Amino acid sequence: METDWMIEEQTTPKVASLTSLDTGVKPAPSGAAYVAERNTCLNLFSKWNETDQVEFVEQLLARMCHYQHGHINAYLKPMLQRDFISMLPKKGLDHVAENILSYLDASSLCAAELVCREWQRVISEGMLWKKLVERKVRTDSLWKGLAERRGWIMYLFKPKPGSQHPSHSFYRQLYPKIIQDIQSIEENWRMGRHNLQRINCRSENSKGVYCLQYDDNKIVSGLRDNTIKIWDRKTLQCVKELQGHTGSVLCLQYDERAIISGSSDSTVRVWDVNTGAMLNTLIHHCEAVLHLRFCNGMMVTCSKDRSIAVWDMTSTTEIMLRRVLVGHRAAVNVVDFDEKYIVSASGDRTIKVWNTSSCEFVRTLNGHKRGIACLQYRDRLVVSGSSDNTIRLWDIECGQCIRVLEGHEELVRCIRFDNKRIVSGAYDGKIKVWDLRAALDVRTPHQDLCLRTLVEHTGRVFRLQFDEFQIVSSSHDDTILVWDFLNYTGASPAPPAPPQPRWASPELDRAFYD
C-alpha cells in the first residue's frame with residue numbers, strides 16, 4: 001500500500017507550503033528582491049546554534065498576527081507527528097508497542113489494524129485479539145460464563161502442557177462470533193425466547209417447592225414434605241434426599257462446604273454439601289424460620305417470631321449467636337446483608353436497616369401498603385416485593401423510594417436482580433423480567449419497564465434464581481423450571497400440566513400478609 005510505504009520509509013512527512021494548505025496552489029515569490037533577502041536570512045540562520053535559531057524564530061512569531069499563527073500551526077502539526085508504534089520495533093521494543101495497543105477496545109483495535117502493515121504485524125504477533133478476549137473473560141461474568149459453556153475457554157490463558165494455542169487469526173474470527181452470541185442471548189431475554197426444562201418434584205406428601213439454589217452441576221431444593229432434594233443438572237434426576245426437618249423447608253443456602261436450611265419446625269440445620277450428613281442443629285427461634293443468609297463467617301436468620309438472629313460462624317459445627325435484633329411488629333419474612341448493612345423486611349409493611357458490625361438500628365424504609373415478602377440488597381440498591389402486588393426500588397443511604405413497578409396481579413413472592421435486570425415471581429403464577437437500568441431512570445415511561453412476562457407455572461411462584469443465561473424457578477405446582485435463554489433452538493416448549501387449585505400454604509401466607 002502507498003500508505004505503508006510512506007509510514008515505513010519516510011522519516012519526515014512531506015508538508016505543503018502554508019498557503020497551499022487552504023488553496024492547494026503554491027504562491028509565486030513576491031519578487032526577486034524578496035528571494036535574495038530570504039536566501040540571505042536562511043544562510044545566516046543555518047550558521048547559528050540551536051539556541052539562537054529558536055530565539056530568532058520566537059522573535060519572528062511575536063511579530064506575526066493571529067491569522068499567520070494559524071498557518072504556522074497547520075504547517076507544524078504533521079511535522080510533529082510520530083508513528084511511535086512503527087518506530088518502537090526498530091529499536092527492539094516490540095513488547096512496548098504491543099503493551100500500548102493492548103489497552104485498545106475492539107473497535108479501536110479494528111481501526112489500528114488498518115493503519116499500516118507494521119501496526120497489523122504488531123497486533124498479530126502480539127496476539128492482541130486473544131488478550132482482549134482474555135481481559136473480557138477476567139472482568140465480565142457474562143463472557144466468563146459463555147467461555148465455559150461454549151468451550152472456547154480452553155483456548156485462553158496458559159495452554160496445557162504439551163498443547164499449543166491457535167494462531168492470531170483464530171481469535172480475530174472468534175471475537176465477532178462471541179459478540180453475535182451475546183447479542184443473540186440479549187435478544188432471547190427481550191423476546192422471551194427460551195428452552196424449557198421441567199423437574200417434577202411431586203411426591204406423596206409434597207405440595208410445593210419453597211426454596212432453591214443452583215450451580216452448573218446441581219439444583220438444591222427445599223420442599224413442603226420436610227425434605228431437601230438435590231437434583232443433577234444434566235439428568236434432572238434426584239441424586240440425594242436430606243431428611244431431618246420435621247416441618248416444611250422454607251429457606252436454604254449452600255456453599256462449597258455446607259447446606260444450611262431453615263424450616264417451619266423453628267430450627268436451622270447444617271448439612272455436609274457432599275455427603276448430605278447433618279452436622280449441626282441450631283435451636284433459637286420459637287416459630288418458623290422464614291429466611292436466612294450467610295457469608296464470610298456470619299449468618300443472619302429471621303423468623304415468624306418477629307426477630308432477627310445474627311450468628312458468628314467459625315465452622316459448620318461452631319456457630320454462636322451474636323445478637324438478636326428486635327423491632328419489627330410482624331413476622332420477618334426476608335433478610336439480606338453485606339459488610340455495611342443488614343436489611344430486613346416484614347409483614348408490618350416496613351424494611352429496616354441495621355449496622356452490620358454493631359447491629360444497631362439505622363433507619364426504616366416506608367412505602368409498601370401491605371406486608372413485604374421478598375427483597376434483595378446490593379451496593380446502595382434495595383429491591384422489594386410485597387403483597388400489595390408492587391415492586392419498589394430503594395436507595396438505602398437516603399431511604400427514598402426510587403421507583404414503583406406495577407404489573408403483578410397477586411403477592412410478589414420472590415425477586416432477584418443483577419446489573420441489567422430484575423426478575424420477579426408472584427402468586428399469580430407469572431415471572432416478569434424488568435429492565436433495571438430503565439427503572440433507575442425516572443424519565444423512562446412505566447410501560448417500557450417490563451421486558452417480558454413468562455407463564456409456565458400453574459401455581460404460585462415461590463422462589464427463583466437467575467444468571468446471564470437462565471432462570472431457575474420453583475412453585476406450588478411441585479415443579480422446578482429451568483428457562484434456558486442461551487441454547488434457544490426455536491422449538492416450542494412442552495405444554496404445562498393442567499392447572500391445579502392454588503390452595504393456601506399456612507406456613508407462609510399468614511407471614512406475608514399484614
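The chain comprises 14 helices and 28 strands, in a model that is predicted. Of its 514 residues, 47% count as buried. The exercises below treat the helices, the cores, the repeats and one residue in turn.

**Exercise 1. Determine how the axes of α7 and α9 are oriented to each other, and characterise their contact.**

Step 1. UniProt, in an unreviewed entry, places the feature "domain: F-box" at residues 94-132. Over this span the chain is 77% helix and 0% strand, with end C-alpha atoms 18 Å apart.

Step 2. The two helices are α7, residues 94-101, and α9, residues 117-125; their axes come within 9 Å and cross at roughly 85°. Angles of 65 to 115 degrees count as roughly perpendicular. α7 and α9 are therefore roughly perpendicular to each other.

Step 3. On the α7 side the contact is made by Asp-94, Ala-97, Glu-98 and Leu-101, and on the α9 side by Trp-119, Arg-121, Val-122, Ile-123 and Glu-125. These residues divide into 5 nonpolar, no polar and 4 charged.

**Exercise 2. Classify the packing of α8 and α10 as parallel or antiparallel, and give the residue classes at the contact.**

Step 1. The axes of α8 (residues 106-113) and α10 (residues 128-139) come within 11 Å, with a crossing angle of roughly 175°.

Step 2. An angle over 145 degrees counts as roughly antiparallel, so α8 is roughly antiparallel to α10.

Step 3. Ala-106, Leu-109, Cys-110 and Glu-113 of α8 meet Leu-128, Trp-129 and Leu-132 of α10. By class, this contact has 6 nonpolar, no polar and 1 charged residues.

**Exercise 3. Identify the residues with the most contacts inside the largest nonpolar core, and the helix that gives the most to this core.**

Step 1. The largest nonpolar core has 43 residues, and Trp-152 and Ile-471 are those with the most contacts inside it.

Step 2. Helix α12, residues 168-191, gives the most to this core, contributing 7 residues.

Step 3. Beyond its neighbours within four places in sequence, Ile-471 is in contact with residues including Trp-189, Val-423, Leu-454, Phe-466 and Trp-483.

Step 4. A second, separate core of 15 residues includes Cys-374, Val-383, Leu-436 and Ala-438. As background, nonpolar side chains in soluble globular proteins tend to be buried together.

**Exercise 4. State the helix and strand content of residues 282-321 and of residues 365-404.**

Step 1. The UniProt annotation "repeat: WD", from an unreviewed entry, covers several spans, among them 282-321 and 365-404.

Step 2. Residues 282-321 are 0% helix and 62% strand, and their end C-alpha atoms are 9 Å apart.

Step 3. Residues 365-404 are 0% helix and 65% strand, with end C-alpha atoms 14 Å apart.

Step 4. For the chain, 51% of the contacts with a separation of 6 or more are between residues 24 or more positions apart.

**Exercise 5. Decide whether Met-320 is buried or exposed, and describe its surroundings.**

Step 1. Met-320 lies in strand β13, which covers residues 319-326.

Step 2. The relative accessible area of Met-320 is 57%. Exposed means over 50%, so Met-320 is exposed.

Step 3. Apart from neighbours within four places in sequence, Met-320 is in contact with Val-310, Trp-311 and Asp-312.

Step 4. Met-298 is 22 residues from Met-320 along the chain, and the C-alpha atoms of the two are separated by 9.7 Å.

Conventions
Residues numbered from 1 in each chain as written. Predicted model: local features only at pLDDT ≥ 70, side-chain atom pairs only at ≥ 80, totals over all residues. Heavy atoms only, no water. UniProt positions renumbered as here; feature names shortened; annotations may be inferred. Helix = DSSP H or I, 4+ residues; strand = E, 2+ residues; numbered from the N terminus. Buried < 20%, exposed > 50% of the residue type's maximum accessible area, 1.4 Å probe, protein only. Contact = heavy atoms within 4.5 Å. Core = buried A, V, L, I, M, F, W, Y, C linked by side-chain atoms within 4.5 Å. Axes fitted to C-alpha atoms, helices over the stretch in contact; angles between N-to-C directions. Parallel < 35°, antiparallel > 145°, perpendicular 65-115°, else oblique. Nonpolar A, V, L, I, M, F, W, Y, C, P; charged D, E, K, R; others polar.
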